[in-house]
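Visitor: Please take one part of this model and look at it closely. I would like the charged pairs, and then the sulfur bond.

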Amino acid sequence: QVQLVESGGGLVQPGGSLRLSCVASGSIFSINDMGWYRQAPGKQRELVATITTGGSTNYADSVKGRFTISRDNRKNTVYLQMNSLKPEDTAVYYCNARTKSTVVPGWRLSWGQGTQVTVSS
């Protein structure tokens, strides 16, 4: 059983910055790719950024050049540094990871509970 917990969300003015963190805990055998997703009110959840175990990254076009995803494998943590924030970045941000538990065989997709990011003046 693997749990993901996000933190770092809040209210920020346009042009400001926030850093989100997501920590995995529980009966972790292995963690593969990790990522960040977001969902705005009335809209479908969308991919923001992903990062592989080796550190290769992918970004949605809407955040490329402004957001940076990173991870610390020893801490089982993935981060999302968000700079030059825009009102359209307002959403609940969720972290995601492909995990393998020590007690349940096979790979699973794990999700955090989400953290609210609001960009407003």
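Guide: What follows covers the salt bridges, then the disulfide. Keep in mind that this is a predicted model.

Start with the charged side chains. Side chains of opposite charge can pair when their charged atoms come close. Four salt bridges are counted here.

Take arginine 38 as the centre of the tour. Arginine 38 sits in strand E4, which spans residues 28–39. Its relative accessibility is 6%, so arginine 38 counts as buried, the cut-off being under 20%.

One partner of arginine 38 is glutamate 46. The closest N and O atoms of that salt bridge are 2.8 Å apart. Glutamate 46 has a relative accessible area of 33%. That value lies between the 20% and 50% cut-offs, so glutamate 46 is partly exposed. This bridge therefore pairs a partly exposed glutamate 46 with a buried arginine 38.

Another partner of arginine 38 is aspartate 89. Here the N to O distance is 2.9 Å. The pair links distant parts of the chain, 51 residues apart. Aspartate 89 lies in a loop. That loop runs between strand E8 (77–82) and strand E9 (91–101). Aspartate 89 has a relative accessible area of 1%, which means that aspartate 89 is buried. Both arginine 38 and aspartate 89 are thus buried.

Now widen the view. Arg38, Glu46, Arg66 and Asp89 belong to one network, joined by salt bridges that share partners.

Aspartate 61 and lysine 64 also form a salt bridge. Their side chains meet at 3.5 Å, N to O. Aspartate 61 and lysine 64 are both exposed.

Next, the sulfur bond. A disulfide is a covalent bond between the sulfur atoms of two cysteines. The whole structure holds one disulfide. Its cysteines are cysteine 22 and cysteine 95. Their sulfur atoms are 1.9 Å apart. The disulfide joins distant parts of the chain, 73 residues apart. Cysteine 22 is in strand E3, residues 18–26. Cysteine 95 is in strand E9. Both cysteines, 22 and 95, are buried. The torsion about their S-S bond is about 50°, so the disulfide is right-handed.

Finally, put strand E9 in view. Cysteine 95 lies in strand E9, and the loop with aspartate 89 runs between strand E8 and strand E9. From that loop, aspartate 89 pairs with arginine 38. From strand E9, cysteine 95 bonds to cysteine 22.

Note on methods: Residues are numbered from 1 along each chain as its sequence is written. This is a predicted model: local features need pLDDT of at least 70, side-chain atom pairs count only at pLDDT 80 or more; totals for chains, interfaces and linings use all residues. Side-chain values use heavy atoms; hydrogens and water are left out. Buried means under 20% relative accessible area, exposed over 50%, partly exposed in between (1.4 Å probe, protein chains only). Helices (H or I, at least four residues) and strands (E, at least two) are DSSP runs, numbered from the N terminus. A disulfide is a pair of cysteine sulfur atoms within 2.5 Å.
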